Amino acid sequence: MLVVLRFLALLFALLGGLAASAVGVLTASSIVGRALWSSPIPGDVELTQFGIALAISLCLPWCQLHGANIIVDFFTARAAARTQRLLDGVGAVLLAAMTALLAWRTAAGATSVQDAGETSMILGLPMWIVYAVLAPGFALTMAIAIYQAWCHFTGRSVEVPV
């Protein structure tokens, strides 16, 4: 199970990095076009918003898999290992619930926006696509959090081999 989750998280992270890189190139090109020819790329702000939202949702699973999210352990640093595992398990369950809700609502939002025929203001891009591409990242983050919660509650290691 961990091998599949790790592979998918890596694939998603690489795609997220590609999306972020594309946004960087788009932004730089638009700035250069604006500075040299007074002609920015039309819809650059829309595309930047879409691209960064995609990059974030695709990188979340990798971040969760490696425990690279923010952990506030001020009050639990001196707690027993069993207590820390229990609290980490509860945290993973809560994250799984939150990302399940996000995946569900972004998928539901995609169908709703598609039915309404909503498009972006400048480029006229179908907005449902933006919502639809966010859901897989949230769903994979949920699956990883569920796996990690199981590991915490059963005393197994959640360390990911490199």
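Setting aside neighbours within four places in sequence, T106 is in contact with Y131, L134, A135 and F138 in this predicted model. T106 itself sits in helix 3, which runs over residues 81–116. With a relative accessibility of 11%, T106 counts as buried, because that value falls in the range under 20%.

Now for the loop between helix 1 and helix 2. Helix 1 covers 2–37 and helix 2 covers 44–65, and P40 has its place in the loop that links the two stretches. Which residues does P40 touch, once those up to four places away in sequence are not counted? They turn out to be S30, G33 and R34. For S30, there is also a distance to quote: its C-alpha atom is separated from that of P40 by 4.6 Å, and the two residues are 10 residues apart along the chain. As for accessibility, P40 comes out at 34%, so it counts as partly exposed.

S38 shares this setting, being placed in the loop between helix 1 and helix 2. Is S38 buried or exposed? Its relative accessibility is 65%, so S38 counts as exposed, given that the cut-off for that label is over 50%. The backbone of S38 has something worth a look too: its phi is positive, at about 50°, although S38 is not a glycine. Most residues other than glycine have a negative phi.

To pull the accessibility values together, T106 in helix 3 is buried at 11%, P40 is partly exposed at 34%, and S38 is exposed at 65%.

Technical notes. Residues numbered from 1 in each chain as written. Predicted model: local features only at pLDDT ≥ 70, side-chain atom pairs only at ≥ 80, totals over all residues. Heavy atoms only, no water. Helix = DSSP H or I, 4+ residues; strand = E, 2+ residues; numbered from the N terminus. Buried < 20%, exposed > 50% of the residue type's maximum accessible area, 1.4 Å probe, protein only. Contact = heavy atoms within 4.5 Å.
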